[in-house]
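Work through these exercises with the sequence and the structure open. Try each task before you read its solution.

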Amino acid sequence: MSDESPLIRSLRTAVAAAPDDVPLRLHLAEMLLAAGRADDAVAEAAVALQYAPADADARALMLRAMGLPPAGSAPAPAAPAPAAPAPPAPAPATPAAGPPAAPGFDWAAAEQELDGVVGPRFVAPSEDAEGARERPLTSEGTGEDGDAADSPWEVDAPGTVRLADVGGMQEVKDRLEAAFLAPMRNPELRKLYGKSLRGGLLLYGPPGCGKTFIARAVAGELGASFMSISLSDILDMWIGRSEKNVHDIFETARRQAPCVVFLDELDALGAKRSRTAHSGLRNVVNQLLTELDGVGSGAHEGVFVLAATNVPWDVDIALRRPGRLDRTLLVLPPDAAAREAILHYHLRERPIEAVDLGKLAKATEDFSGADLAHVCESAAETALLDSARTGTVRMIGMKDLLSAAKQIRPSSEPWFASARNVAMFANDGGMYDDLLAYLKKKRKL
C-alpha cells in the first residue's frame with residue numbers, strides 16, 4: 001500500500017476508526033476505483049453491504065467495480081427481445097474471502113439457467129398438504145413469525161396461524177390443548193366444572209425455539225387479536241407514565257376482545273422486585289400484577305395473557321402465583337419432525353439439489369429454529385461464493401448443508417448449562433420437573 005495517495009491512506013484510517021460508517025467506506029471505495037484499484041473497491045463495497053444490505057449506492061458501486069451493467073438497466077432498442085435486468089451482485093462474507101466474480105459474469109443468464117432446473121430438489125419430497133411443511137415453527141427474531149407491534153396500542157387482526165402450522169412438537173401442542181385451549185373452546189363444559197378463565201400461560205425455554213410463534217398460533221386457535229408487548233413499549237422517562245402504559249395496554253385489549261396480550265421477555269418486564277434498584281421498574285411490576293388480577297373477571301372478559309421468557313427464575317414470584325401466570329410450558333429445541341419442517345421452509349425457494357431432509361435433521365439435533373435458519377443461510381453463502389468465483393452457477397447440495405451444520409454450535413447449550421443448576425437446586429414446587437426430565441433424557445445431568 002506504499003503507492004497509495006495520502007487521501008486514500010487518511011480515508012483508510014478513518015474507516016478503521018468507524019467501520020460501520022457506510023457512506024465513509026463507500027467514499028473510500030470510490031477513491032480506490034478512481035485510482036484503478038477495482039479489486040480493493042469491491043472488497044470495501046462488500047463490507048459496506050454487510051452493514052447495509054439494502055444500500056442502493058453500495059450495490060451500484062459493487063456492480064461498477066466488477067465491470068457489470070447497473071441493476072435494472074434497459075436493453076438496447078435494437079435487441080430482438082428485452083434482456084432481463086441484472087440483479088445486484090452478491091457480497092462476499094469478508095473482504096478476504098477470495099477474488100470477486102469472474103470478469104464478464106452474466107447474472108441474467110445465470111438466472112435463466114436456473115429457471116426450470118431439473119430436480120429432484122429434495123431426496124424425499126415433502127408432504128406439502130400438511131400445514132407443518134408450509135409454515136413451520138420459526139425462531140424468535142428471525143422475521144418468520146411476523147413483525148412485532150410498533151406500539152403498545154397497535155393490535156394485530158386475528159391471524160391464520162394455527163397449532164397445525166407448528167412443525168412437530170406434539171407434546172407441546174397436547175399440553176396447550178389440555179391446559180389452556182380446551183377450557184376456552186368449551187364454555188358449557190367450563191361452566192359445568194366451574195373452570196375459571198383466570199390466569200395466564202408462561203412459555204419458557206432456550207432462545208430461538210419459537211415461543212413467539214406458538215403464542216401467535218394460540219391466538220389463531222382462539223380467533224383472537226394479538227398484542228405483542230415488550231419493555232420498550234412500556235417504559236417512559238416521566239414518572240407515572242410507565243404504569244399508565246401498562247393500564248392502557250389492557251384497556252386496549254379489552255376493547256379489542258377477544259384478544260391475546262403477549263408479554264415478551266417477561267424477565268425484563270416483571271423482574272424480581274427484590275433485585276430491582278429502580279423504583280420505576282418496581283412500579284411497573286406492581287401495575288402488571290394489578291392488571292393480571294383483573295384478567296378473567298367481568299371487566300376483562302375475552303382478554304387472554306401469554307408470556308415468554310428465557311429465564312423464568314428471574315421473574316417476580318408474585319407474577320406466577322395462582323390466578324396470574326400460574327401455568328407454565330417448557331418450549332424445547334425442535335424435535336426431528338419440526339427440524340425437517342423448518343429446514344424445508346428455509347430451503348423451499350433456494351436452488352437446491354438432492355437434499356435429504358431426514359439426514360439433515362439428524363445432523364442438527366439440539367439446534368434451535370434460529371440455528372437451522374443459519375445453517376441454510378451459510379450453505380447458500382458457500383454456493384453463491386463458489387458460483388461468483390468460477391463464473392458457473394451451481395446448486396446447494398447436502399455437502400454444503402452438512403458442512404455448515406458442523407461449523408455451528410447449538411445456541412441452546414449455554415442456556416441448558418445455566419438452567420441445569422436451577423432445575424436441580426431451586427425447583428420449588430416442581431416448576432422445573434419437565435426440564436429435569438428432559439435433562440435426564442438427554443443425559444445432561
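## Exercise 1: The whole chain

Of the 445 residues in the protein, 47% are buried. The model is a predicted one.

**Task.** State how many helices and strands the protein has, and what share of its contacts is long-range in sequence.

**Solution.**
- Step 1. Count the elements. The secondary structure comes to 19 helices and five strands.
- Step 2. Take the contacts with a separation of 6 or more. Residues 24 or more positions apart account for 76% of them.
- Step 3. Turn to the surface. The accessible area of the protein is about 21,600 Å². Carbon and sulfur atoms hold 54% of that area.

## Exercise 2: Helix spans

**Task.** Check the end-to-end distances of H11 and H16 against their residue counts.

**Solution.**
- Step 1. The expected span is 1.5 Å times one less than the number of residues.
- Step 2. H11 covers residues 241-255, which is 15 residues, so it should span 21 Å. Its end C-alpha atoms lie 21 Å apart, in agreement.
- Step 3. H16 covers residues 369-390, which is 22 residues, so it should span 32 Å. Its end C-alpha atoms are 32 Å apart, which again agrees.
- Step 4. Look just past H16. Gly391 follows, and its phi is positive, near 80 degrees.

**Task.** Which residues of H11 are buried?

**Solution.**
- Step 1. Apply the cut-off: a buried residue has under 20% relative accessible area.
- Step 2. The residues that pass are Ser242, Glu243, Asn245, Val246, Asp248, Ile249, Phe250, Glu251, Thr252 and Ala253.
- Step 3. Recall the helix geometry. An α-helix has 3.6 residues a turn, so residues three or four places apart point the same way.

## Exercise 3: Backbone outliers

**Task.** Where is the cis peptide bond between Ala257 and Pro258 placed?

**Solution.**
- Step 1. Read omega. From Ala257 to Pro258 it is near 0 degrees, and the bond is cis.
- Step 2. Place the proline. Pro258 sits in the loop between H11 and strand E3 (259-263).
- Step 3. Look at Cys259. Its relative accessible area is 0%, so Cys259 is buried.

**Task.** Place Ala354 and Asp366, two non-glycine residues with positive phi.

**Solution.**
- Step 1. Ala354 has phi near 55 degrees. It lies in the loop between helix H14 (336-347) and H15.
- Step 2. Ala354 has a relative accessible area of 37%, so it is partly exposed.
- Step 3. Asp366 has phi near 75 degrees. Its loop runs between H15 and H16.
- Step 4. Thr364 is also found between H15 (357-363) and H16. Its relative accessibility is 0%, so Thr364 is buried.
- Step 5. List what Thr364 touches, leaving out residues up to four places away in sequence. The list is Arg339, Leu343, Leu372 and Ala405.

## Exercise 4: Salt bridges

**Task.** Trace the network that includes Arg394.

**Solution.**
- Step 1. Start from the total. The structure has 17 salt bridges.
- Step 2. Arg394 bridges Asp386, with the closest N and O atoms 2.8 Å apart.
- Step 3. Arg394 also bridges Asp400, at 2.9 Å between the closest N and O atoms.
- Step 4. Add Arg389. Salt bridges link Asp386, Arg389, Arg394 and Asp400 in a network.
- Step 5. Check the cover. Arg394 is partly exposed at 28%, and Asp386 is partly exposed at 26%. Asp400 is buried at 10%.

**Task.** Compare the cover of the two partners in the Glu349 and Arg348 salt bridge.

**Solution.**
- Step 1. The closest N and O atoms of Glu349 and Arg348 are 3.9 Å apart. The cut-off is 4 Å, so the pair counts.
- Step 2. Glu349 has 69% relative accessibility and is exposed. Arg348, at 33%, is partly exposed.

## Exercise 5: Cysteines and a surface patch

**Task.** How many disulfides does the structure hold?

**Solution.**
- Step 1. The count is zero.
- Step 2. Add the cover of one cysteine. Cys209 is buried, at 1% relative accessibility.

**Task.** Which residues make the nonpolar surface patch of about 390 Å²?

**Solution.**
- Step 1. The patch is made by Leu189, Leu192 and Tyr193.
- Step 2. Leu192 belongs to helix H8 (residues 187-193).
- Step 3. Its relative accessibility is 63%, so Leu192 counts as exposed.

Notes:
Residues numbered from 1 in each chain as written. Predicted model: local features only at pLDDT ≥ 70, side-chain atom pairs only at ≥ 80, totals over all residues. Heavy atoms only, no water. Patch = residues over 30% accessible without salt bridge, like charges linked within 9 Å, V, L, I, M, F, W, Y side chains within 5 Å. Areas by Shrake-Rupley, 256 points an atom, 1.4 Å probe, with all protein chains shown as cover. Salt bridge = Lys/Arg side-chain N within 4 Å of Asp/Glu carboxyl O. Helix = DSSP H or I, 4+ residues; strand = E, 2+ residues; numbered from the N terminus. Buried < 20%, exposed > 50% of the residue type's maximum accessible area, 1.4 Å probe, protein only. Disulfide = S-S within 2.5 Å. Contact = heavy atoms within 4.5 Å.
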